[in-house]
Amino acid sequence: MLGNLGKNLTKTMKKLAGMTIIDEEVVKEVIKDIQRALIQSDVNIKLVLNLSKTIEDRALNEEPPKGVTAKEHVIKIVYDELVNLLGEKAEEVEIEKKPYKILFVGLQGSGKTTSIGKMARYLQKKGFNPAIICTDTWRPAAYEQLRQLTENLNLPLYGDPDNKDALDLARKGLKEFKKQDLIIVDTAGRHKEEKDLLDEMEQISAVVEPDEVMLVIDGTIGQQAREQALAFSQTTKIGSIVITKLDGSAKGGGALSAVAEIGAPIKFIGTGERIEDLEVFDPERFISRLLGMGDIRTLIERAEEIEEDVDQEAMDAMLSGKFTLKDMYSQFEMMNKMGPMQQVMNMLPGMGNKLPKNASQVTEEKLGKYKILMDSMTEEELTHPEIIKQSRVKRIARGSGMRNEDVKELLKYYQVTKKAIKGFGKRKMGGPLGQMMR
Ligand code: GDP
């Protein structure tokens with residue numbers, strides 16, 4: 001759903017979950033990723049900047065609550081603020097009187113008729129018996145479309161394709177369905193002039209006296225949804241919103257955030273053409289899914305397991321520059337145990353993204369080779385690699401059945417890694433961020 005937005009956000013969150021040290025640099029990188037993802041999804045730039053600022057302020061200044069790691073805290077902040085962007089709480093349709101009247105408005109092609117069918121079925125499943133009135137005198141096929149929908153669902157429909165008076169249709173329909181518990185009124189989505197359409201909306205609204213006006217907006221228009229919602233809300237008080245076509249829409253994030261900003265709750269989202277492709281919109285659940293929170297939990301847990309496995313003394317020695325081939329060997333062992341190379345590299349304490357590209361791109365195959373080479377080294381060579389000169393290189397190669405170049409490659413890899421780790425250990429970690437380093 002939502003094109004690449006979910007994919008990009010999930011990727012960012014996984015990256016974050018894989019990091020062990022959360023410092024300013026990491027926070028900024030995460031925010032950049034989020035900004036990019038949201039802007040690509042057509043979220044308004046001002047909203048994106050506000051969101052970034054809040055996330056940054058909170059992530060860098062708020063102390064994580066007791067028992068919560070710095071990383072979990074940042075993930076939670078990102079989650080909170082994205083939920084905020086979409087309006088926080090889920091709001092259901094509350095059928096609090098009889099008959100409860102819902103007036104559906106929206107431009108032609110927005111998915112209004114389809115959404116009426118979807119919602120009628122949804123409410124039918126909840127035990128209501130929705131009756132539908134068609135007042136769309138403008139689009140000839142509207143009545144027929146509703147007739148088929150209601151026939152399939154076995155629901156009452158009032159309409160008359162020969163009657164061109166929308167207000168008259170509304171009045172007659174209401175009279176016919178007085179005894180129903182729920183009435184859904186469909187309206188036209190197009191007129192010669194936009195003003196005519198909005199005028200008709202106002203008049204029908206006056207006749208129907210709806211308990212709720214539901215505006216249907218096509219999610220593929222992105223942040224323009226805001227203008228559209230505002231135009232409608234000038235004539236009728238919009239009670240709730242349905243955003244359609246979020247399945248695969250590249251601009252869905254823009255539509256959702258733009259609409260949430262004007263205050264009317266988004267109650268449903270359309271996620272496909274079939275009658276069951278309607279979801280009650282719950283910002284919290286929606287964002288959890290978008291961020292891939294389930295997977296993130298697992299990743300955090302795995303990263304924590306790895307941390308427990310790490311010998312802290314060896315770690316400190318490493319960070320102060322005493323990184324030996326033996327340390328590298330045990331790192332390799334751990335990686336083998338933990339799975340995919342790239343992911344584990346990111347999880348390793350102190351390494352994060354700090355390893356040079358070529359170092360983190362060592363393939364599993366190479367790792368195997370390096371291990372065999374190291375198995376042919378003496379204890380002294382492993383703890384003091386600097387003593388490995390030409391004659392030792394030859395001996396190690398022979399002993400392991402490999403070439404001199406392989407030994408040299410391993411030594412080079414060791415040097416690069418050592419340099420990277422040393423550089424990282426020297427970096428100053430002051431202020432509240434320093435405390436985040438665990
Ligand atoms: P109306 O003119 O507003 O009544 O729009 P319709 O209900 O006839 O829908 C217009 C088109 O959008 C139809 O082809 C629908 O199948 C399609 N549509 C409606 N909702 C969705 C949705 O959530 N996802 C997708 N992919 N298509 C939808």
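A residue counts as buried if 20 or more other C-beta atoms lie within 10 Å of its own. The exercises below apply this cut-off and others to a predicted model.

**Exercise 1. Decide whether strand S6 is enclosed or not, and find its partners on each side.**

Step 1. Take strand S6, residues 240-244. Of its 5 residues, 4 are buried. The strand is therefore largely enclosed by the rest of the structure.

Step 2. Look towards strand S5, residues 212-218. S5 and S6 run parallel and are joined by 5 bridges. Val242 of S6 stands opposite Val216.

Step 3. Look towards strand S7, residues 266-270. S6 and S7 also pair in the parallel sense, over 3 bridges. Here Val242 has Phe268 as its bridge partner. Ile241 is partnered by Ile266 in S7.

Step 4. Recall the chemistry. Strands of a sheet pair through backbone hydrogen bonds, either parallel or antiparallel.

**Exercise 2. Trace the connections into and out of S6, and state their handedness.**

Step 1. Go from S5 through helix H9 (residues 225-233) to S6. This β-α-β unit is right-handed.

Step 2. Go on from S6 through helix H10 (residues 252-261) to S7. That unit is right-handed too.

Step 3. Place H9 on the strands. H9 lies across strand S1 (100-105), S5 and S6. The angle between H9 and S5 is about 150°.

**Exercise 3. Write the strand order of the sheet and name its edges.**

Step 1. The sheet is open and has 8 strands. Their order is S3-S2-S4-S1-S5-S6-S7-S8, with mixed pairing.

Step 2. The edges are strand S3 (157-158) and strand S8 (278-280). Each of these pairs on one side only.

Step 3. Add a packing helix. Helix H6 (residues 141-153) touches strand S2 (130-134), S3 and strand S4 (182-186). Its direction makes about 165° with that of S2.

**Exercise 4. Find where the backbone has unusual torsions.**

Step 1. Set the expectation. Most residues other than glycine have a negative phi, and most peptide bonds are trans.

Step 2. Check omega. The bond between Lys98 and Pro99 is cis, with omega about -10°. Pro99 sits in the loop between helix H4 (70-85) and S1.

Step 3. Check phi at Asp42. The value is positive, about 70°, although Asp42 is not a glycine. Asp42 belongs to the loop between helix H2 (24-40) and helix H3 (45-61). It has 24 other C-beta atoms within 10 Å, so Asp42 is buried.

Step 4. Check phi at Lys245. This residue is not glycine either, yet its phi is positive, near 60°. Lys245 lies in the loop between S6 and H10. With 23 other C-beta atoms within 10 Å, Lys245 is therefore buried.

**Exercise 5. Describe the UniProt span at residues 265-278.**

Step 1. Read the record. The unreviewed UniProt entry annotates residues 265-278 as "domain: SRP54-type proteins GTP-binding".

Step 2. Compare with the model. The span is 43% strand and 0% helix. Its end C-alpha atoms lie 16 Å apart.

**Exercise 6. Divide the chain into domains and examine how domain 1 and domain 2 meet.**

Step 1. List the parts. They are domain 1 (4-89), domain 2 (100-280) and domain 3 (310-436).

Step 2. Take the separation. The C-alpha centres of domain 1 and domain 2 lie 35 Å apart.

Step 3. Count the contacts. In domain 1, 11 residues are in contact with 14 residues of domain 2.

Conventions: Residues are numbered from 1 along each chain as its sequence is written. This is a predicted model: local features need pLDDT of at least 70, side-chain atom pairs count only at pLDDT 80 or more; totals for chains, interfaces and linings use all residues. A residue is buried if 20 or more other C-beta atoms lie within 10 Å of its own, exposed if 12 or fewer, and partly exposed in between; C-beta atoms are placed from the backbone. Helices (H or I, at least four residues) and strands (E, at least two) are DSSP runs, numbered from the N terminus. Two strands pair if DSSP finds at least two bridges between them. A crossover is right-handed if, with the strands pointing away from the viewer, the path from the first strand over the helix to the second runs clockwise. UniProt positions are given in the numbering used here, feature names are shortened, and annotations may be inferred rather than shown by experiment. Two residues are in contact if their C-beta atoms, placed from the backbone, lie within 7 Å. Axes are lines fitted to C-alpha atoms, for helices over the stretch in contact, and angles run from 0 to 180 degrees between N-to-C directions. Domain bounds come from an automatic or database domain assignment.
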